[in-house]
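Student: I am new to this structure and would like to learn how its labels are earned. Could you take me through some of them?

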Amino acid sequence: QSSDDVSGAPQPLQSPPSLLACARAIAAAGMAVQGVPCVQAAGEGEAMCAALNLCGWAHACHTLDVDVLLFGALTVYRQMHLQTDDPRKSSLVRCCRSDVQRLLGISRGGEAALQCVAQLAGGDYDTTGAEQVGEGMAMDAVRRLLQGCEDDEAVLLKLEAALAAGPDPDLDALTKCTGCKACGHEGGMKSRIAQHSKRSGGCAACGCESGCVPRQWQQCECSFHKRSDERLLNRVVRRALRTQGFMSSCRTAAATYSSELRKAVAAV
């Protein structure tokens, strides 16, 4: 039912504010009373948090959403548990960009690599990701792509090149350990051997034409184990190729992350 003004002309109904809008207004008012400024995000909230951190207006971001790292935040606080009765029991998990870089084996950047992980495992801009690729497998695959790199600027191009090259049949052929139980070197047979013999041609790594030099070893040096990270990336490539429109989705997501961050930085 519409209301009438003093002239009798009907007035349009005003829709009531949503519960979310009311909650935001109450939260903003509460923070203002405590002297805490409230900022309206220009787009993605995580992008605005990252922009405030990047531009020096905030020391860190406190959120359970890891997307803030994908937008380039420098410091993130997660899982804050405050015990007012016993402060010694309080806990806070902090994640810095340097932690991400160390995990990825690079010295600069990190957000592009995390975006790549999100696309492989499933993230905000593509919830499904590549077929049967979880977070751990995605992270290991991206680490392999970044091997020998100082930064992650070209990580998406590297992934695209890996998909263009397709699965490596030589890696597909490595299905089980072919090492020597005695010395840990390549056994040269179709499966694992107890010890090198004259029949197997000895062990070149041990310098023996017949047999080998038994030793204490921790990591088998056969091709199956030495190339385990390559085999994992090979599996990821195969599964990503089975996922319709995967690379196109990756490019779209990367562009969206970049545009949202630019929008947030401009607003800051």
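Tutor: Gladly! Let us begin with a cut-off: a residue is buried under 20% relative accessible area, exposed over 50%, and partly exposed in between. Please keep in mind that this is a predicted model.

Student: Why is E221 called partly exposed?

Tutor: E221 has 34% relative accessibility. Because partly exposed covers what lies between under 20% and over 50%, E221 counts as partly exposed. R215, at 32%, counts as partly exposed too.

Student: What makes R215 and E221 a salt bridge?

Tutor: A salt bridge needs a side-chain nitrogen of Lys or Arg within 4 Å of a carboxyl oxygen of Asp or Glu. The side chains of R215 and E221 meet at 3.1 Å, N to O, so the pair fits that rule.

Student: How do you know whether H59 is buried or exposed?

Tutor: Its relative accessible area is 81%. Exposed means over 50%, so H59 is exposed. H59 is found in the loop between α2 (45-54) and β1 (61-62). Leaving out residues up to four places away in sequence, H59 touches N53 and T75.

Student: And why is L69 called buried?

Tutor: L69 has a relative accessible area of 12%, and buried means under 20%, so the label follows. L69 sits in helix α3. Apart from neighbours within four places in sequence, L69 is in contact with V76, C95, E111 and L114. The C-alpha atoms of L69 and L114 are separated by 7.7 Å, although the two residues are 45 residues apart along the chain.

Student: What else lies in helix α3 (residues 67-70)?

Tutor: D67 does. D67 is buried yet has no salt bridge.

Student: How do you know that D67 has no salt bridge?

Tutor: The nearest side chain of opposite charge, R78, is 10 Å away. Because a salt bridge requires the nitrogen and oxygen to be within 4 Å, D67 and R78 do not make one. Setting aside residues up to four places away in sequence, D67 touches E46, D124 and Y257.

Student: What do the labels say about D86 and R88, which form a salt bridge?

Tutor: Their closest N and O atoms are 3.2 Å apart, and the limit is 4 Å, so the pair qualifies. D86 is buried, because its 17% falls under 20%. R88 counts as exposed, because its 76% is over 50%.

Student: What makes the salt bridge of E160 and R251 a tie between parts of the chain?

Tutor: Their side chains meet at 2.7 Å, N to O. E160 lies in helix α7 (residues 155-165) and R251 in helix α11, so the pair ties together parts that are 91 residues apart in sequence. E160, at 27%, counts as partly exposed, and so does R251, at 41%.

Student: Why is α5 called oblique to α11?

Tutor: Helix α5 (residues 111-121) and helix α11 (residues 246-267) pack at an angle of about 140°, with their axes 10 Å apart. Roughly antiparallel would need over 145 degrees, and roughly perpendicular runs from 65 to 115. The angle fits neither range, so α5 is oblique to α11. Among the residues making the contact are Q115 and A118 of α5, and S249 and Y257 of α11.

Conventions. Residues are numbered from 1 along each chain as its sequence is written. This is a predicted model: local features need pLDDT of at least 70, side-chain atom pairs count only at pLDDT 80 or more; totals for chains, interfaces and linings use all residues. Side-chain values use heavy atoms; hydrogens and water are left out. Helices (H or I, at least four residues) and strands (E, at least two) are DSSP runs, numbered from the N terminus. Buried means under 20% relative accessible area, exposed over 50%, partly exposed in between (1.4 Å probe, protein chains only). Lys and Arg count as positive and Asp and Glu as negative; His and the chain ends are not counted. Contact means heavy atoms within 4.5 Å. Axes are lines fitted to C-alpha atoms, for helices over the stretch in contact, and angles run from 0 to 180 degrees between N-to-C directions. Angles under 35 degrees count as roughly parallel, over 145 as roughly antiparallel, 65 to 115 as roughly perpendicular and the rest as oblique.
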